[in-house]
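Thanks for sharing this one. Here are my notes, as numbered points to read alongside the coordinates.

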Amino acid sequence: AFSMMGISFYVPYLVSTVLLALDRTGSNAASSSGGGDYINTSSHFQARYAGPKVEDMNGEQKAIRNDILATRKGTGLSGPFGPWLAVPEIAAPAQQLGRACRYGTSLSFRESELVILLTGAKTRSHAEFDIHVGEALKAGLEMKIIQSILDFSMDNVEAQVVPLLANDREKAMARFV
């Protein structure tokens, strides 16, 4: 459950970070997060501010960037991580919170990715969902499970997702989200 709570914190941090970063830099530069073989759930993505360029970062920002990249080998700075770097006062604690929520729990890699996909689908966070499809596949979630999560409703979770899950623990997580 702790992992699910952490994910919900990303959205407000991302919004506030982007606003602070744009205010500080006066920029609206953007780039795609790129990477990964996965299904995009939306074709309506808008380019967004991707954070400061490495050559424009100070030492503190570079250290935080390196810390993020060390724990996110597959997804890098995708999601809120790039924009967070524009405001180190947010980036460092947010990275620590994210690490604790994702890796400091009793959830297995597979369970963590299942909860992230369910939360992303429930909150209609297409970017969160898309970023984690590749990770979910690596964690052992089958594409059939991932696709069944896309059309999120509690009725759909019970009828389509739960029957595909491996054990009672995963089923309880799906029902909880």
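1. Glu-135 caught my eye, so let me begin there: in this predicted model, Glu-135 is buried, with a relative accessible area of 10%. Its place is in helix H6. Setting aside neighbours within four places in sequence, Glu-135 is in contact with Gly-74, Thr-75, Arg-102, Phe-109 and Glu-113. You may like to display those partners together with the acid side chain.

2. Next, the helix that carries this residue. H6 covers residues 126–138, which is 13 residues. From its first C-alpha to its last it reaches 19 Å, close to the 18 Å expected at 1.5 Å a residue. Where is the kink in H6 centred? It is centred on His-132, and the kink is about 35 degrees. His-132 is also among the buried residues of H6. The buried list runs Glu-128, Phe-129, Asp-130, Ile-131, His-132, Val-133, Gly-134, Glu-135 and Ala-136, so do look at both the charged and the apolar names when you check it. After H6 comes Gly-140, with a positive phi near 105 degrees.

3. Phe-129 of H6, one of the buried residues there, leads to Ile-149. Ile-149 lies in helix H7, residues 143–149, and counts as buried at 1% relative accessibility. Ile-149 and Phe-129 are 20 residues apart in sequence, while their C-alpha atoms are 9.8 Å apart in space. Besides Phe-129, and leaving aside neighbours within four places in sequence, Ile-149 is in contact with Leu-114, Leu-117, Leu-118, Ala-121 and Val-161.

4. Among those partners of Ile-149 are Leu-114, Leu-117, Leu-118 and Ala-121, which are listed with the buried residues of H5. How many of the residues of H5 are buried? The count is 12 of 14, and H5 is mostly covered. Also buried in H5 are Arg-110, Glu-111, Ser-112, Glu-113, Val-115, Ile-116, Thr-119 and Gly-120. The length of H5 agrees with expectation: at 1.5 Å a residue its 14 residues should span 20 Å, and the end C-alpha atoms are 20 Å apart.

5. H5 has a packing partner in H9. Helix H5 (residues 109–122) and helix H9 (residues 168–176) pack at an angle of about 20 degrees, with their axes 10 Å apart. The two are therefore roughly parallel to each other. On the H5 side, the contact is made by Arg-110, Glu-111, Leu-114, Val-115 and Leu-118; on the H9 side, by Arg-169, Glu-170, Met-173 and Ala-174. H5 passes H9 in a right-handed crossing.

6. One backbone angle deserves a second look. H5 is followed by Arg-124, which is found in the loop between H5 and H6. Phi of Arg-124 is near 55 degrees, a positive value in a residue other than glycine. Most residues other than glycine have a negative phi. Is Arg-124 buried or exposed? Arg-124 is exposed, with a relative accessible area of 54%.

7. A second helix pair can be set beside the one in point 5. Helix H2 (residues 59–71) and helix H4 (residues 88–103) pack at an angle of about 15 degrees, with their axes 10 Å apart. That makes H2 roughly parallel to H4. The contact draws on Glu-60, Gln-61, Ile-64, Asp-67, Ile-68 and Thr-71 of H2, together with Pro-88, Ala-91, Ala-92, Gln-95, Arg-99 and Tyr-103 of H4. H2 passes H4 in a left-handed crossing, whereas the crossing of H5 and H9 is right-handed.

8. Ahead of H2, please look at Gly-51, in the loop between helix H1 (2–25) and H2. Gly-51 counts as buried at 17% relative accessibility. Not counting residues up to four places away in sequence, Gly-51 touches Gly-82 and Pro-83. The C-alpha atoms of Gly-51 and Leu-77 are separated by 9.2 Å, and these residues are 26 apart along the chain.

9. Finally, the chain as a whole. The protein chain has 9 helices and 0 strands. Of its 177 residues, 43% count as buried. Among contacts with a separation of 6 or more, 65% come from residues 24 or more positions apart.

Technical notes. Residues are numbered from 1 along each chain as its sequence is written. This is a predicted model: local features need pLDDT of at least 70, side-chain atom pairs count only at pLDDT 80 or more; totals for chains, interfaces and linings use all residues. Side-chain values use heavy atoms; hydrogens and water are left out. Helices (H or I, at least four residues) and strands (E, at least two) are DSSP runs, numbered from the N terminus. The expected span of a helix is 1.5 Å times one less than its number of residues. The bend at a residue is the angle between axes fitted to the seven residues ending there and the seven starting there. Buried means under 20% relative accessible area, exposed over 50%, partly exposed in between (1.4 Å probe, protein chains only). Axes are lines fitted to C-alpha atoms, for helices over the stretch in contact, and angles run from 0 to 180 degrees between N-to-C directions. Angles under 35 degrees count as roughly parallel, over 145 as roughly antiparallel, 65 to 115 as roughly perpendicular and the rest as oblique. A crossing is left-handed if the near helix is turned anticlockwise from the far one by less than a right angle, and right-handed if clockwise. Contact means heavy atoms within 4.5 Å.
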